[in-house]
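User: Hey, got a minute to walk me through this model? I'd like to hear about helix packing and empty spaces.
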Amino acid sequence: MSTGIRAEKEVVLTRVLRHPPARVFAAWTRAEQIQHWLTPEPDTRITAQVDCREGGEFGFTFHDANGTVSRVGGRYLVVRPPERLVFTWTWLASDAPAGAPPGAVPLDAVGVETLVIVDFAPRADGTLLTITHQRFKTDAEVLRHRAGWTAALDQLPSYLDAHPGEER
C-alpha cells in the first residue's frame, strides 16, 4: 500500500487486491455491496442509492455509532467497467444528535464538489486499485478524506473474500 498527499490538495491511495478487476469494480458500483465496506469506521453503517451510469447519481448516508448522520452525493462522469470510475463527491450535510459533539463533516466542507477517480488495473495476482480524490480546498480536508478512504479500503479485502462470486 502507498499513500500520499500532493501539493495540489489531493489524496492518492493504492491497494493490491487478490480479486479480478470485474469483482472489485462490482463492489464499487452496486449499492448492496457498497453498504458492506465503504465506511470510514467499521461501526459506521451506510445506506446507498446508486445509478451507476454516466450521468447517473449516487447518494450515501453514513450513520455513525454516536448518532451523527452525514450525507454525500455525486454524479458519475465516467463508467468504464472494469477499468475506471470517475465521479463527483459532495458532502451535503452532517447532523449530530442533540447534546453530541458537532458532526464529522466541517461546515466549510458541506457543498464543496470534489472529484474521485478510481482505476482498476489487472495484475497476474488480481487488481491494482488506485483512488485519486482531488480538488480539496484545505489540508484538513485532505487529511480527513485520506483517513476515511484508508479505513474503507482496509475493509474492502474482507468483504471481497467473504463474497467472492458477486460480480453482478
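Analyst: Sure, a definition to begin: axes are lines fitted to C-alpha atoms, for helices over the stretch in contact, and angles run from 0 to 180 degrees between N-to-C directions. Helices (H or I, at least four residues) and strands (E, at least two) are DSSP runs, numbered from the N terminus. This is a predicted model, where local features need pLDDT of at least 70 and side-chain atom pairs pLDDT 80 or more, while totals for chains, interfaces and linings use all residues. Residues are numbered from 1 along each chain as its sequence is written, and side-chain values use heavy atoms, with hydrogens and water left out.

User: Ok, at what angle do α1 and α3 pack?
Analyst: About 125°, with 12 Å between the axes of α1 (residues 21-29) and α3 (residues 139-162). That makes the pair oblique, because angles under 35 degrees count as roughly parallel, over 145 as roughly antiparallel, 65 to 115 as roughly perpendicular and the rest as oblique.

User: Which residues make the contact?
Analyst: From α1 they are Arg-23, Val-24, Ala-27 and Trp-28, and from α3 Trp-149, Leu-153, Leu-156, Tyr-159 and Leu-160 (contact means heavy atoms within 4.5 Å). By class that's 8 nonpolar, no polar and 1 charged. Here Ala, Val, Leu, Ile, Met, Phe, Trp, Tyr, Cys and Pro count as nonpolar, Asp, Glu, Lys and Arg as charged, and the others, Gly among them, as polar.

User: Switching to holes: how many cavities of 30 Å³ or more?
Analyst: Just 1, with a volume of about 40 Å³. On a 1 Å grid over the protein atoms alone, a cavity is a set of points where a 1.4 Å probe fits but cannot get out, and a pocket is an open set with protein on both sides within 12 Å along at least five of seven lines; lining residues have an atom within 4 Å of a point. Points are joined across faces, edges and corners, and a volume is the space filled by probe spheres set on them.

User: What lines that cavity?
Analyst: Trp-28, Ile-34, Leu-38, Phe-60, Tyr-76, Phe-87 and Trp-89. The lining has 7 nonpolar residues, with no polar and no charged ones.

User: And the largest pocket, what volume does it have?
Analyst: About 420 Å³. Its lining has 21 residues, with Thr-39, Pro-40, Trp-91, Arg-144 and Gly-148 nearest the centre. α3 gives the most, with 6 residues.

User: Which peptide bond is cis?
Analyst: The one from Pro-81 to Pro-82, with omega near -15°. Pro-82 sits in the loop between β5 (69-80) and β6.
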